[in-house]
Structures are given as C-alpha cells and as structure tokens.
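Good morning, colleagues. I shall take you through one structure, beginning with the packing of its helices and then turning to its sheets and loops. Please keep the display in view as I speak.

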Amino acid sequence: MGLVSEQIEVLAGLVSGGGVVVLSGAGLSTESGIPDYRGASGAARRHSPMTYQVFVGDPLARRRYWARSYLGWRTVAGAVPNAGHRAVARLQDAGLVDGVVTQNVDGLHTAAGSGGVVELHGRLDEVVCLGCGVGMSRWALHQRLAEANPGFEARVSGVNPDGDVDLADWAVAGFRTVDCARCDAGTLKPDVVFFGESVPPARVARCFAMVESARLLLVLGSSLTVLSGRRFVVRAASLGIPVAIVNQGATRGDAYATVTVDAPLGRVLPVLADRFGAVRDGAGQLGAVPVGADGVGGPVVVG
C-alpha cells in the first residue's frame, strides 16, 4: 500500500466517526475550471486581487474591476460542481458531515447538494449596494451592464480566481458602470469580502461555533495561508479536535494536522465517499453503498 493510500486509510478512520465539519478553499474548485490564488507550491500567482479600499475609493479602479468582471463572470457562472464537491455532499447524505464552511465564493457546494453551507467570504453571484444596502443577483446586474455597454468585447488573456479577467487599461477605457437602480446613486459591489475587508462578525461566530462542536475538522483544498481560514484550524487544535487536511502541496496548517493527504481532491474525495452510507444516482435519489464488516469498507486504493 502506498503512502497516500495509507494516509487515506487514516483519514477514513477519522471520518467514519461522523461529526465532520468541512473547511474548503479554492483548491476544491480548480477542477471546475476556477483558478486558485496559489499553485501547489503555495506561491502566490501574479494576479493582484482587488482590495476593498481601492474599490471604494477609486472610481477608475471600480470601472476596471467591473469591465474585467463583466467578461470573467461567464466562466464563473458556467462552472459546475466537480467530483470533489459531489463527494462532500455524499458524505453529508451519509450523515458524516454536519456542515461546510467554505472560503470560496462560487456557490458550488450548494449546487452540488450540500446543506448548511456557510460562505465565509460571500457569493460572487450576488451584488449589494453600499448606499442603501439592497441586494440583487449578479445576473440582473450583468444584464444592466450589457445594456449600458452594447458590443463591448475584449481579448481575454486569462480568468482570475475572483472572477475577473486580465485586460489592458486601454481595453476598459470606454466601459460604462451602473449605479444602484433603487437609490440611483449607490455604489454596487459584489457581495463578497474583498482583501482588506472584514468578514461580518456574526458569520465568523457561526463558523467558530460549528468548528467547536465538530468531532473532526476536514480541510479541503486550502493552503491556509491567510488567517481568515487558518484561525479555525488553530481553534480546533487548541480544543483537541483532530484536523485532517487534503490539499495539493503543503499548507500553513500542517503542523496542527493528525493526517495530511497531498493528492488531487477530485480523486481522493470520491474514493473516500464510496466507503460510506449513501450515494446520489442520476435522478438525485439516495441509495446504499456496500460497506465492509467494520462499517467502513475495504482498503482504499487511489489509482
């Protein structure tokens, strides 16, 4: 049995006890075509994400953001859950996963069928007015932007993790932004937490409560580089709650982990889910999967 298979055996033993809370990051969505901020090496990619301070304080930066997002949104909106997302939902169906805290803004956990998902950094498919607080769908805003910018096209050199694209400044010079349709003047912002912006305290408190009541914290596809996610790992470890990490590459939480699995999530998680309780068929119906005499199943082999 290879090292990865041995690690998955340890992981399966931890998961089999239930009470699992999942903490997921961008690495879980890369197989859905959404890039992450960091490669397997943990090194940041060249893209510099928009900060809250720049977005609010610089109208030209906002125009550049919305022009890039207008084109990049198509990729995010067209993304579908991958095998990893579906495996998490299956583990929840089997009664092993109690909840999901995700750092991702793509909504793919919910689309895969998971319930009780707390989207720590918000959702990219929702927009909020910073003036009156009214919310709207990203699709509705996309239509308004399309009407304000008929024929706007530009050569896209790559989609970024936060749903915008790389465009030259000259390509966005003629792009027109729109304000809130309700208050006529409010600045519209995607309902996500930008860099430099704080996560709402009530949302953080809910996540801590989930972690503190867990029997196992399962980290999926996160380098845990930023404190926003790593703090939950630190809290779990401080309470003696086991931490398991599945990620491609090292993470800043490895020192706290009972087991780490360095392998593609789209391969590991379905194999893990196959060992437990219930699966969804093509019609979305639940049914039993064979398990071993120990209630967990046979040895895991990742091909």
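Helix α3 passes helix α6 in a left-handed crossing. What we are viewing is a predicted model, and every value I quote is computed from it. Helix α3 covers residues 59-78 and helix α6 covers residues 138-148. The two pack at an angle of about 130°, and their axes lie 11 Å apart. With that angle, α3 is oblique to α6, since the roughly antiparallel class is reserved for angles over 145 degrees. Which residues of α3 and α6 meet? From α3, the residues are W66, S69, Y70, W73 and A77. From α6, they are R138, W139, L141, H142, L145 and A146.

A second helix pair may be set beside this one. Helix α4, residues 83-93, packs with helix α10, residues 265-273, at an angle of about 25°. Their axes are 8 Å apart. Angles under 35 degrees count as roughly parallel, and α4 and α10 are therefore roughly parallel to each other. The crossing of α4 and α10 is left-handed. In the contact between them, A83, G84, A87, V88, R90 and L91 of α4 meet L265, G266, L269, P270, L272 and A273 of α10.

Let me place these helices in the whole. The protein chain has ten helices and eleven strands. It contains 303 residues, of which 49% count as buried. Among the contacts in the chain with a separation of 6 or more, 70% are made by residues 24 or more positions apart.

I turn now to the sheets. Strands of a sheet pair through backbone hydrogen bonds, either parallel or antiparallel. One open sheet here has three strands in the order β5-β4-β6, with antiparallel pairing. Its edge strands are β5, residues 135-137, and β6, each of which pairs on one side only. On average, and with direction ignored, neighbouring strands of this sheet are turned by 40° against each other.

How many bridges join β4 and β5? There are three, in the antiparallel sense, and V128 has G135 in β5 as its bridge partner. On the other side, strand β4, residues 122-129, pairs with β6 over four bridges, again in the antiparallel sense. There, G122 has V192 in β6 as its bridge partner.

Is β6, an edge strand of this sheet, largely enclosed or largely open? Of its five residues, 188-192, four are buried, so the rest of the structure largely encloses this strand.

A parallel pairing occurs elsewhere. Strand β7, residues 216-220, and strand β8, residues 243-246, pair in the parallel sense over four bridges. Within this pairing, L218 stands opposite A244 in β8. In a regular strand the side chains alternate between the two faces of the sheet. Accordingly, V243 and I245 point one way from β8, while A244 and V246 point the other way. All four of these β8 residues are buried.

Next, the cysteines. How many disulfides does a search of the whole structure find? The search returns zero. C180, for instance, is in no disulfide: the nearest cysteine sulfur, that of C129, is 3.7 Å away, whereas a disulfide requires the two sulfur atoms to be within 2.5 Å. C180 is buried, with a relative accessible area of 4%. C207 also counts as buried, at 0% relative accessibility.

Finally, I should like to draw attention to two backbone conformations. D184 has a positive phi of about 70°, although it is not a glycine. This residue lies in the loop between α7, residues 169-172, and β6. L224 likewise has a positive phi, of about 55°, and is not a glycine either. Its location is the loop between β7 and α9, residues 227-238.

Are D184 and L224 buried or exposed? D184 is exposed, with a relative accessible area of 60%, as the threshold for that class is over 50%. L224, by contrast, counts as buried at 2% relative accessibility.

To close, I return to the two helix pairs: α3 is oblique to α6, and α4 and α10 are roughly parallel to each other. Thank you for your attention.

Notes. Residues numbered from 1 in each chain as written. Predicted model: local features only at pLDDT ≥ 70, side-chain atom pairs only at ≥ 80, totals over all residues. Heavy atoms only, no water. Buried < 20%, exposed > 50% of the residue type's maximum accessible area, 1.4 Å probe, protein only. Pairing = 2+ DSSP bridges. Axes fitted to C-alpha atoms, helices over the stretch in contact; angles between N-to-C directions. Parallel < 35°, antiparallel > 145°, perpendicular 65-115°, else oblique. Left-handed = near helix turned anticlockwise from the far one by under 90°. Contact = heavy atoms within 4.5 Å.
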